[in-house]
There are 2 protein chains.
Amino acid sequence: MTTGTAFMSDYLEGVRSGVVDAVAASLPKGGPRSSLYDPLAEFLKRAGKSIRPALCIAACRAHGSTAEHALPSAVALELLHNAFLIHDDVEDGSVSRRGSPTMHAEHGVPIAINVGDGLAVLALQPLTQNIGVLGSAMHNRVMAEFGELLRMTVEGQAIELGWRHENVVDLTSVDYLEMVALKTCAYTTIYPLRIGALIGSWGRADLELVTRFGLYLGAAFQITDDLLNLTGTEELYGKEIGGDLAEGKRTLMVAHLLSTTRGTDREFLVDFLDGERKDRSKDEIERVRAMMDVHGSITYAERYTQALSEQAVSAFDQAFGELPDTSDRRFLSEAIEFVVSRNL
Amino acid sequence: MTTGTAFMSDYLEGVRSGVVDAVAASLPKGGPRSSLYDPLAEFLKRAGKSIRPALCIAACRAHGSTAEHALPSAVALELLHNAFLIHDDVEDGSVSRRGSPTMHAEHGVPIAINVGDGLAVLALQPLTQNIGVLGSAMHNRVMAEFGELLRMTVEGQAIELGWRHENVVDLTSVDYLEMVALKTCAYTTIYPLRIGALIGSWGRADLELVTRFGLYLGAAFQITDDLLNLTGTEELYGKEIGGDLAEGKRTLMVAHLLSTTRGTDREFLVDFLDGERKDRSKDEIERVRAMMDVHGSITYAERYTQALSEQAVSAFDQAFGELPDTSDRRFLSEAIEFVVSRNL
């Protein structure tokens, strides 16, 4: 039996190659190259972990079905994920992604927005394939899941953008969790798992239980990602370290800091979060980072993540615990430890 | 019998009220307000002409079916149209739309991109309704039409953005027409008409003939729109006059000017088109505008539009000529004169 990390890497790589092939096959051969399909294909080739397709396919197979039934949905999830990344990077003013410049940093904002739109449009193709693969009735149920996923993602993004736009500073961990449930968990964990379980069980799985597991898993994933943005290395992380602070992003650590600082420190922080990226100097970013150490914001987020992962273990048992002990069920179970202990 | 213009206005208004009601009913009651659904709803309320839903519903009813069968598709077309407008305005750096500031001018680029995404996501809802309204088989055919429409629109936008990004200056009227067929005609005329005819005839209409009519009608529409951008008044037009020149947009008039100017005039024009909006002074914009008069670019485009509208008349006869003489058929027929003679 392989060790935990090797098992997870092998499983992800097994899913990734199938998804990458299917994605590549779905790209148009003609059409505009330099301003659309070349940058789009290059972006897709950058190594992602394919965690979303893997969760979808694992949840499907854990219920005894085959990967083929979930593959079109998994491909659509991967395309939509990449569409969101490109638009998010424009919206956040991010400069690097997966070890390279973001799409808009390389090709300008106009082309980047349109490439993002193009990726979302390409996702319609595998979803249409579902009619043949799953039949009309199940296809319609899957489409309804995708509709919810997309609505929630856009709403979550709107909440976060609104916080920055209006410089909202009275945020609690509950506000943060509600935002992350919509912005990150919906398309990263909850709906990949729901769609996989729906297809794999042919509609018999209790999707509310799946949602709970996805929520804890996804929130743990996002907070870990945000912690790595503060404490990781660019080489492993693929994005600029401290970029979230430069962007004024409301992470759990920032929410914690807002609730614990007082007096001039808090005034400085509120002022720092206001305005635009270009207004935040390196010195100011380092001061906020140091404040987080003083006030224990990093430790707080690490403990919060630990509590989420414990909830995820219990939710996993309820959602998938009674299924046969397969490598797919093992992948879902070990995903919890994987997302919180990863160093990239 | 009402006169041409009054008939068209009445027909459009009749469609518009039904579509506006259906769109309003589809908006979520909850969710983030100030950073998503409030600006989204405000944008939808700005008076558009609803030409796309009207063409869809008219093509459906001209074939003897009822508006109800085409209404969900018409609503989806209107929502997607608004999504495109918001993203296009960001990509083009446009400042006014329908007599008010563009979405990004009012709420910033990040929120504008996300509101555009939100409108596209809302369009999934009426498309899902089509399952109940049309049954699975016809719903699937309609979805395939929407898939093509979206792909073509994104590709057309990519071509135009690529021309600007790479400062392409060897453009002919054929290049222009190919771009407009994808960028404008697909979602403005071709697919609204195709989807309406498909549903109304329950799959019996020859959609290739419909496509030809839509192509000529849509190209005439776009060139007329671009002419109004040079010669109209802001009050009637709803966008800044000369804005296309400020944006460096490759219109038919610019393509004509590129092919007719020589020497220092051409060098100035090529240099003018390069770079960004902020680099183009008012004086330079006026010089290009004057060059168009000298070289007859406006007259050329007006004659080109006239030729397109004559082709549209002939294509209309082939596509819809044998259908009964209803107000719906009349609307489609008079749409040609309407789009080329409008002064708003």
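What share of the contacts in chain A with a separation of 6 or more comes from residues 24 or more positions apart? It's 77%. Keep in mind as you click around that this is a predicted model.

**Stop 1: all of chain A.** Select chain A and colour by secondary structure: you should find 16 helices and 2 strands. Turn the chain around and picture a box of roughly 60 × 50 × 35 Å along the principal axes; the C-alpha atoms fill it. Chain A has a radius of gyration of 20 Å, which agrees with a compact globule, because with 344 residues such a globule would come out near 20 Å. Buried residues make up 51% of those 344.

**Stop 2: where chain A meets chain B.** Now show both chains. The contact takes 35 residues from chain A and 35 residues from chain B. On the chain A side, select helices H2 (33–45), H4 (67–92), H6 (109–122) and H7 (124–165), the elements that give two or more residues each. H7(A) gives the most, with 19 residues. Try colouring this side of chain A by residue type: you'll get 16 nonpolar, 15 polar and 4 charged.

**Stop 3: Gly203(A).** Zoom in on the loop between helix H8 (173–200) and helix H9 (207–231) of chain A, and pick out Gly203(A). Is Gly203(A) buried or exposed? It counts as exposed, because it has 12 C-beta neighbours inside 10 Å, and 12 or fewer is the cut-off for that label. Leaving out residues up to four places away in sequence, Gly203(A) touches Arg141(A) and Leu198(A). Last, draw a distance from Gly203(A) to Leu171(A), C-alpha to C-alpha: they sit 32 residues apart in sequence and 38 Å apart in space.

How values were computed:
Residues are numbered from 1 along each chain as its sequence is written. Chains are lettered from A and ligands numbered from 1 in the order in which they are written. This is a predicted model: local features need pLDDT of at least 70, side-chain atom pairs count only at pLDDT 80 or more; totals for chains, interfaces and linings use all residues. Two residues are in contact if their C-beta atoms, placed from the backbone, lie within 7 Å. Helices (H or I, at least four residues) and strands (E, at least two) are DSSP runs, numbered from the N terminus. Ala, Val, Leu, Ile, Met, Phe, Trp, Tyr, Cys and Pro count as nonpolar, Asp, Glu, Lys and Arg as charged, and the others, Gly among them, as polar. The radius of gyration is taken over C-alpha atoms; the globule rule is 2.2 Å times the number of residues to the power 0.38. A residue is buried if 20 or more other C-beta atoms lie within 10 Å of its own, exposed if 12 or fewer, and partly exposed in between; C-beta atoms are placed from the backbone.
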